[in-house]
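Visitor: Could you walk me through this one? I'd like to begin with the hollow places inside.

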Amino acid sequence: MALGNHSTITKFLLLGLSANPHVQALLFVLFLGIYLLTITGNLMLLLVIRADSRLHTPMYFLLSHLSFVDLCFSSVIVPKMLENLLSQRKTISVEGCLAQVFFVFVTAGTEACLLSGMAYDHYAAICRPLLYGQIMGKQLYKHLVWGSWGLGFLDALINVLPAVNMVFCEAKIIHHYSCEMPSLLPLSCSDISRNLIALLCSTLLHGLGTFLLVFLSYTRIISTILSISSTSGRSEAFTCSAHLTALILYYGSALLHHLMPNSGSPIELIFSVQYTILTPMLNPLIYSLKNKEVKGERSLQDSSDLPQLHKGQARWNRLAFIEGRREPGAPEKPGPQPGAACSALHAAPTALQ
C-alpha cells in the first residue's frame, strides 16, 4: 500500500498513568511492591505444591500452571511499566511493542482456559464425586493444561502475525502503560481489516468459549449445592467460592476493560490495572484462603470420610458416601456431602507465611 509522504515510525510513546513526576515516583513504589508480592506469592505457591505430595492432584496441577501463568503475565507488563515510570523517554520499539502484545495474548488466553478447566474440575468433584477419579484422569488434566497453553499461543499467532505487516506513521502516542492490540490498530496507516477480523474472531471464540464452559459448570454446581439438604453440607460446598471469586475478578475486569474505548481515560486505566496487574497478585491470596493442608492442621490421608488421594486420583469409599458410614468394624460417622469433595480436593495452599 502506498504511503505517500508519510514517514514510517519505529518507536511508540507510552503515556502511562500520569505525567506528574511526584505521582510517578509514588506509582513506582506502589507497583514495585505489587510486582514483588506477585512474584513471591506465586513462586511460593508453586514450591508448596511441588514439595507436598498430598497436593499432587489434578486441581493443584491446574493451580500450579495458573500461578506460573500469573508470573509470566505480570512480568510481561510490569517491568516495562516500572522502567517508564523512572525514565524521561517513555518509548518502546515497534518490535518490542508487538512482542509484548504477543505474550499478553499468550498469557491472558492461557489463563482463561485454565480457569475454565478448573471450573470443570469443580463440577466433577461436586456433581459427580463418585466418578471424580475416572473423569479427572491423568491424561485429561494434562490435556487440559497443554491444550490451554496451545490455545493461548494459537490466539497470539492469529493476532500478531497479521500485525507484523502493519505500517505505522505519524501518530505514535499510545494512551496506555503497555502495548495492546486495540491500542495499536488506530495508529496504523495501512489496511487493518484483516487484523480487526482476526481480533474479533479470536475474542469471540476464545473468550466466549471459555466463559460458556465456566457458566455451564457453575450452573450445575450451584444446582447441586442447592439440592444439599444439610446446612453444613452447603457451607462445605461454598468453600469453592475462592475459584468463583478469581473468575469474577478476571472475567469481570477483562470484560469492562475491553468494553471501554481506548482513550486512556482514568476508568479504563483502572480496569486495565485490575486485569493485568492486580489479578495475578490476588490469585495466590484468594486460593490460599481456608486451607489447612500445608499448615498441617488436617491430613487428608488420616480422614477416611474424605476422598483418599493417591497419585493424583480420588478414590472414594462408596459405602461411606452413600450410606453415611465407614467400613465394617469402624466407628460410624456421617458420610461427606458433595461439597466436602470440593473442600478436600480444592482448598489451595494457604498463607505461605
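Guide: Helix α2 (residues 58-86) gives the most to the lining of the second largest cavity, with 3 residues; helices here are DSSP runs of H or I of at least four residues, strands are runs of E of at least two, and both are numbered from the N terminus. This is a predicted model, where local features need pLDDT of at least 70, side-chain atom pairs count only at pLDDT 80 or more, and totals for chains, interfaces and linings use all residues. Residues are numbered from 1 along each chain as its sequence is written, and side-chain values use heavy atoms, with hydrogens and water left out.

Visitor: What lines the second largest cavity?

Guide: Its lining consists of L14, L15, G16, L17, S18, Q24, M81, N84, L85, K90, H176 and Y177, which divide into 6 nonpolar, 5 polar and 1 charged. Here Ala, Val, Leu, Ile, Met, Phe, Trp, Tyr, Cys and Pro count as nonpolar, Asp, Glu, Lys and Arg as charged, and the others, Gly among them, as polar. On a 1 Å grid over the protein atoms alone, a cavity is a set of points where a 1.4 Å probe fits but cannot get out, a pocket is an open set with protein on both sides within 12 Å along at least five of seven lines, and lining residues have an atom within 4 Å of a point.

Visitor: And how many cavities of 30 Å³ or more are there?

Guide: A search of the whole structure finds 3, and the second largest holds about 70 Å³ of space, a volume being the space filled by probe spheres set on grid points that are joined across faces, edges and corners.

Visitor: OK, pockets then. How much space lies in the second largest pocket?

Guide: About 320 Å³ lies in the second largest pocket. Of the 13 residues that line it, I49, R50, L55, H56 and F61 are the closest to its centre, and the elements that give two or more residues to the lining are α1 (21-51), α2 and α5.

Visitor: Switching to α5, which of its residues are buried?

Guide: In α5, Y141, V145, S148, W149, G152, D155, A156, N159, V160 and A163 are buried, meaning under 20% relative accessible area with a 1.4 Å probe and protein chains only, where exposed is over 50% and partly exposed is in between. These buried residues pack against α2, α3 (94-127), α6 (181-184) and α7 (193-227), with contact meaning heavy atoms within 4.5 Å.
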